[in-house]
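Hi everyone, thanks for coming. I'd like to walk you through one protein chain today, so have a look at the screen.

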Amino acid sequence: RGSRIPNLGLKNLGNTCYINALLQSLYHTERFREYVITVKEHEGLPLLGKLADFFIAMKSNYARELDEAHEKLIERILEIREEVFSFNIQSFFLIVE
């Protein structure tokens, strides 16, 4: 399972410091974090599923689990970056409602 370390930071996976800062900010937004973790339907929304896995790993404080979840989330973001960074704020709220 790996070592349990309180207040883990995120590795820079090649210029990911800005997205890491955003992910940590989202994680520390309690209502958003709990919504993402507890939402039952991640089918059709793979990014939301990876974000949930990442948030769960952040809560666990296990270094290996966090590293794995972080890498998978970053990979997914990079796969769909055009879609992620081109939608407007109204679209974001439709996704999370």
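Let's begin with a puzzle: which residues are linked in a network of salt bridges? Keep in mind while you look that this is a predicted model.

Okay, here it is: the network links R33, E34 and K59. Let's take it one pair at a time. R33 forms a salt bridge with E34, and the closest N and O atoms there are 3.1 Å apart. Then E34 also meets K59, side chain to side chain, with 3.2 Å from N to O. E34 sits in helix 2 and K59 in helix 3, so this pair ties together parts that are 25 residues apart in sequence.

How covered up are these three? R33 is buried, at a relative accessible area of 12%. E34 is partly exposed, at 27%, and K59 is partly exposed too, at 41%.

In total, the structure holds four salt bridges. Another one of them is between the side chains of R76 and E79, at 2.9 Å from N to O. Both residues lie in helix 4, three residues apart, which is about one turn of the helix. Are they buried or exposed? Well, R76 is buried, with a relative accessible area of 19%, while E79 is exposed, at 57%.

Now let's zoom out. The chain has six helices and zero strands, so if you like patterns, read along the sequence and you get α-α-α-α-α-α. Of its 97 residues, 35% are buried. And if you take contacts between residues at least 6 apart in sequence, 62% of them join residues at least 24 apart.

So what's inside? In soluble globular proteins, nonpolar side chains tend to be buried together. Here, the largest nonpolar core has 19 residues, and the ones touching the most other members are L23, V36, L51, F54 and F55. Helix 1 (17–27), helix 2 (30–38), helix 3 (46–60) and helix 4 (63–79) each supply at least two residues of this core. Helix 3 gives the largest share, seven residues.

Try clicking on L51. Setting aside its neighbours within four places in sequence, L51 is in contact with L23, F32, V36 and L73.

Last stop, the outside. The accessible surface of the chain is about 6,700 Å², and 54% of that belongs to carbon and sulfur atoms.

If you take one picture home, make it E34, with R33 on one salt bridge and K59 on another. Thanks!

Conventions: Residues numbered from 1 in each chain as written. Predicted model: local features only at pLDDT ≥ 70, side-chain atom pairs only at ≥ 80, totals over all residues. Heavy atoms only, no water. Helix = DSSP H or I, 4+ residues; strand = E, 2+ residues; numbered from the N terminus. Buried < 20%, exposed > 50% of the residue type's maximum accessible area, 1.4 Å probe, protein only. Contact = heavy atoms within 4.5 Å. Areas by Shrake-Rupley, 256 points an atom, 1.4 Å probe, with all protein chains shown as cover. Core = buried A, V, L, I, M, F, W, Y, C linked by side-chain atoms within 4.5 Å.
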